[in-house]
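Work through the following exercises with the sequence and the model side by side, and try each task before reading its solution.

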Amino acid sequence: MFDVVVVGGGPVGLYTAKLCEDMGYRVVVLEEDRNIGKPLKCSGLISRNIERFFPDIREWNVIENEVDLAVLHSKRSELVLKKAKAAYVINRTKFDRKISEFVKSRVRLNCKAKGITFRKNWVEIDTAKGKLRGEMVIGCDGPDSTIGKGISVGEETVKGLMGVVKTKDHSNKVDLYFDKGSLKDGFFWKIPRGKTTEYGVWGKYVKFADLERFFGLKEYEKFAGLIPVRPVKRTYSRRVLLIGSSAGQVKPWSGGGVIYGLTCAKIASNIIEKAFRFNDFSEGVLKEYESKWRGSVGKQISLGLMFRKFLRSSTDLQLDIAFRTGRLFNYGRLDMDFIL
Ligand SMILES: Cc1cc2nc3c(=O)[nH]c(=O)nc-3n(C[C@H](O)[C@H](O)[C@H](O)COP(=O)(O)OP(=O)(O)OC[C@H]3O[C@@H](n4cnc5c(N)ncnc54)[C@H](O)[C@@H]3O)c2cc1C
């Protein structure tokens, strides 16, 4: 019997586990993969606001490059967003492993949660290695979440594909390409990773062949993952919270989710503490998590949904005009956190 069972050993699950054990709870983390941080499913382009969570991240040896510019390309125009040292290009495998070093509780690898059963005084988690009990279960199991399904929450996802080439690129800009002729819904990207260059694409029906055609890629290493495009309808139930990708806490138009997930983990930790303090794990107490996180990042997510709708429905010409107009109105000074 644990106080808190965290399902998923990604950055959000590990950070949540750390916050819970700092409050004195007995925690276990279940991770279905054999290794933390692998297989790689993330570009790791993360705004410098990551320092709010990990102030000494620069000393972790996980930063591959730093970025000051994001260039949004339409067919015949572009919009340049600038902010000095706006974002880090982070090695997600090393990043996740570093967070796991802060977690003192047991992280059970190769231990997939298969489903949950609600009992009167606890929740039972069925795993590949037997059953576990928890006062609370925190679903941080990413897109297509088993815990989300356990509380009847479905999620809309798209595919994210990355191709990494062994060409050095230490430049300070990321490029995002919107080309309706090649891709109706989604975009292509190029990220300078220092010792390598990453090319990527995201969208509902994208294939590696799209990436090869668009960038002329031949020899490259392939990585892929799912990205939620909107928050799920409900992120709590009796004794259960969903945090991170399992809750759809991502930038709906770009897929960036690490900062939102960590932000929501902090919010969740306050509600978890409250539930234990009152020994009340009912929906009445846990629903505060939902209102608090929506109050924090919900507005940005709504803006992101509008931007995604605009990008999906626009023609190349409309995007050209929008990016040109953006230059006139100096949108380039926009907070890059919206983008990265
Ligand atoms: C191609 C791609 C590129 C991306 N690029 C960026 C980016 O540049 N910047 C950014 O901020 N975000 C990016 N994202 C999004 C980012 O990866 C997520 O927002 C972030 O990983 C969310 O963290 P998480 O811990 O919630 O989920 P995850 O990182 O998905 O971790 C979930 C963990 O749960 C485990 N798990 C799943 N099911 C079970 C189960 N049933 N039992 C036990 N364990 C389970 C998984 O193995 C995984 O380790 C990208 C995503 C993709 C797919």
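## Exercise 1: the shell around the ligand

Strand 14 gives the largest share of the shell around the ligand, namely three residues. Strands, like helices, are DSSP runs numbered from the N terminus (E over at least two residues for strands, H or I over at least four for helices). The model is a predicted one, in which local features need pLDDT of at least 70 and side-chain atom pairs count only at pLDDT 80 or more, while totals for chains, interfaces and linings use all residues. Residues are numbered from 1 along each chain as its sequence is written, and side-chain values use heavy atoms, with hydrogens and water left out.

**Task.** Describe the residues that surround the ligand and the polar contacts with the ligand.

**Solution.** Begin with the count: 35 residues surround the ligand, and the closest are E31, L45, R92, A113 and S245, where a residue is near a molecule if one of its heavy atoms lies within 4 Å of it.

Next, sort the shell by character, which gives 14 nonpolar, 14 polar and seven charged residues. In this sorting Ala, Val, Leu, Ile, Met, Phe, Trp, Tyr, Cys and Pro count as nonpolar, Asp, Glu, Lys and Arg as charged, and the others, Gly among them, as polar.

Then look for polar contacts, that is, pairs of N or O atoms within 3.5 Å. A backbone N or O atom of V12 lies 3.1 Å from a ligand oxygen atom, and a polar side-chain atom of T146 lies 3.2 Å from a ligand nitrogen atom. For G257, a backbone N or O atom is found 3.1 Å from an oxygen atom of the ligand.

Finally, consider the cover: the ligand taken alone exposes 1000 Å², of which the protein buries 90%, with accessible areas from the Shrake-Rupley method and a 1.4 Å probe. Helix 1 (11–22), strand 10 and strand 14 are the elements that give two or more residues to this shell.

## Exercise 2: the open sheet

**Task.** In what order do the eight strands of the open sheet lie, and which of them stand at the edges?

**Solution.** First write down the order, 3-5-4-11-12-13-10-14, and note that the pairing is mixed; two strands pair if DSSP finds at least two bridges between them. Strand 3 (45–47) and strand 14 (221–228) each have a single partner strand, so one side of each is left without a neighbour in the sheet, and these two stand at the edges. Direction ignored, neighbouring strands of the sheet are turned by 30 degrees against each other on average, with axes as lines fitted to C-alpha atoms.

Now walk through the pairs, starting from strand 3. Strand 3 pairs with strand 5 (residues 78–90) in the antiparallel sense over three bridges, and the bridge partner of I46 in strand 5 is Y88. Y88 also stands opposite E66, in keeping with the antiparallel pairing of strand 4 and strand 5 over nine bridges. Strand 4 and strand 5 form a hairpin with four residues between them.

Continue to strand 11 (residues 173–177), which runs parallel to strand 4 (residues 63–73) and is joined to it by five bridges. L176 in strand 11 stands opposite L72 and also opposite W189 in strand 12. Strand 11 and strand 12 (residues 187–192) pair in the antiparallel sense over three bridges.

At the other edge, strand 10 (residues 157–165) runs antiparallel to strand 14, with eight bridges between them, and V158 stands opposite I227 of strand 14.

## Exercise 3: the backbone and the whole chain

**Task.** Where in the chain are P39 and N61 found?

**Solution.** P39 lies in the loop between strand 2 (27–30) and strand 3, and the peptide bond that joins K38 and P39 is cis, with omega about 0 degrees. N61 belongs to the loop between strand 3 and strand 4, and N61 has a positive phi of about 65 degrees although it is not a glycine.

To finish, place these details in the whole: the chain has seven helices and 16 strands, and its C-alpha atoms fill a box of roughly 60 × 35 × 35 Å along the principal axes.

How values were computed: Axes fitted to C-alpha atoms, helices over the stretch in contact; angles between N-to-C directions. Polar contact = N/O pair within 3.5 Å; in protein donor to acceptor, adjacent residues only side chain to side chain.
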